[in-house]
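Q: Could you take a close look at one part of this protein for me, the nonpolar patch on its surface? I'd love to see it set against the rest of the fold.

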Amino acid sequence: MPAHDNAARVVVVMSVGLAAISFSSVLIKLCQAPALVIASYRLIIAGLFYQGLAMSRRTITWKAITPRQWTLAIGSGLFLSLHFCTWITSLQYTSVASSVVLVQTAPVLVAIGSHFFFKERATLVLAAGIALSLLGGFIIGYYDFLGSQSSLRGNLLAFMGAVGAAGYLLIGRRLRAEWDTVMYVSLVYSVAALATWLVTLAGGQAFYPYPAVTWLLFVLIAFFPQVIGHTTLNWALKHFSATTVSIMTLAEPIGASILAYLILHEQVGWIKVLGGTVILSGILLTLLAEKKLEERHGQK
């Protein structure tokens, strides 16, 4: 496949994935169920979907999985469970914009982790992209941090969600080099589903009964943000570094803020438009840095 065709394919797939992820916070806000129950059903449905797909395609060869790979897959699933348990709970205590902005500090944690674990050094252009993207995110959430919708508890939970996301992406970068997307997500989503289910049971949350509209929202939350959105991020880890993929997710506050305005009637003013522009500029710088790095490696 020509390089420009492959690049176009990556852009299209990532655009669809990020659009799907943008629905996450709004759908969760609409769902009248405890946070941990929402997280559990999101991961259980997604895990079952990909387990079925993996079995139909015979993607998983259980005997070929090494102990090291099992350890990494379980670790990735536990980080993903941490991400959803804390981030989804944060939406009950703070606004969509504040929660999304704080959870999107993950790129900084990923960049630090990549430096220490993978010996990947951030170039000046990449560092500028990270800084711009984070600046844009905090611009979007500025008034929410100061307003009555924001709370310390919710913000701390959202930051713990960022820690979970960073660990999930860092491990995913390593395993995606060895496994295809379906095999990876079928195992990781299943581990995350089991861990979240156990946490939900320990918390005494009820898995039923719920009205029909809540069950519909469980399915929508699992299908759009998880089956499509998060799987797209895992697919992208084959093409980009974990740092770059995490920075791409910073486009989510733009889509989430627009959807929150249209569906939840949360206001989007010029501050959020400015923040969105800054985020997109940072993402563009990041992609340019990734391209230059690939060209440099190609010349060696």
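A: Helix α12, residues 252–264, gives the most to the nonpolar patch, contributing four residues. The patch itself is formed by L30, I258, Y261, L262 and I263, and together they offer about 450 Å² of accessible area on the surface. Please keep in mind that you are looking at a predicted model.

L30 deserves a moment of its own. This patch member sits in helix α1. L30 has a relative accessible area of 36%, which falls between the 20% and 50% cut-offs, so L30 counts as partly exposed. For the wider setting, the accessible surface of the protein comes to about 14000 Å², and carbon and sulfur atoms account for 70% of it.

Now let's go from the surface to the inside. Buried residues make up 53% of the 300 residues in the protein. The largest nonpolar core holds 58 residues, and the ones with the most contacts inside it are I38, L80, I88, W179 and F218. Two or more residues of this core come from each of α1 (3–30), α2 (35–57), α3 (67–90), α8 (152–175), α9 (181–202), α10 (212–236) and α11 (242–248). Another core, of five residues, lies apart from the largest one, and its members include A111, L126, I130 and L134.

L80 is a handy residue to select in your viewer. Setting aside residues up to four places away in sequence, L80 touches L43, G164, Y168, V188, Y189, A192, Q226 and H230.

A polar side chain makes a nice companion view. Q51 is found in helix α2. Its relative accessibility is 15%, below the 20% cut-off, and therefore Q51 counts as buried. Beyond its neighbours within four places in sequence, Q51 is in contact with I60, W62, S186, L187 and S190.

Stepping back to the overall fold, the protein has 13 helices and zero strands. Contacts also reach far along the chain: of those between residues at least 6 apart in sequence, 89% join residues at least 24 apart.

One charged pair is worth a visit too. The count of salt bridges comes to one. In it, the side chains of E178 and R68 meet at 2.9 Å, N to O. This pair links distant parts of the chain, with E178 in the loop between α8 and α9, R68 in helix α3, and their positions 110 residues apart. What about their exposure? E178 has 36% relative accessibility and counts as partly exposed, and R68, with a relative accessible area of 39%, is partly exposed as well.

Finally, a word on the cysteines. The count of disulfides is zero. Among the cysteines, C31 has a relative accessible area of 5%, so C31 is buried. C85, at 12% relative accessibility, also counts as buried.

To return to your patch: L30 in helix α1 joins I258, Y261, L262 and I263 there, while helix α1 is also one of the elements that give two or more residues to the largest core. If you colour the model by these groups, you can follow helix α1 from the patch to the core.

Key: Residues numbered from 1 in each chain as written. Predicted model: local features only at pLDDT ≥ 70, side-chain atom pairs only at ≥ 80, totals over all residues. Heavy atoms only, no water. Core = buried A, V, L, I, M, F, W, Y, C linked by side-chain atoms within 4.5 Å. Buried < 20%, exposed > 50% of the residue type's maximum accessible area, 1.4 Å probe, protein only. Contact = heavy atoms within 4.5 Å. Areas by Shrake-Rupley, 256 points an atom, 1.4 Å probe, with all protein chains shown as cover. Patch = residues over 30% accessible without salt bridge, like charges linked within 9 Å, V, L, I, M, F, W, Y side chains within 5 Å. Salt bridge = Lys/Arg side-chain N within 4 Å of Asp/Glu carboxyl O. Disulfide = S-S within 2.5 Å.
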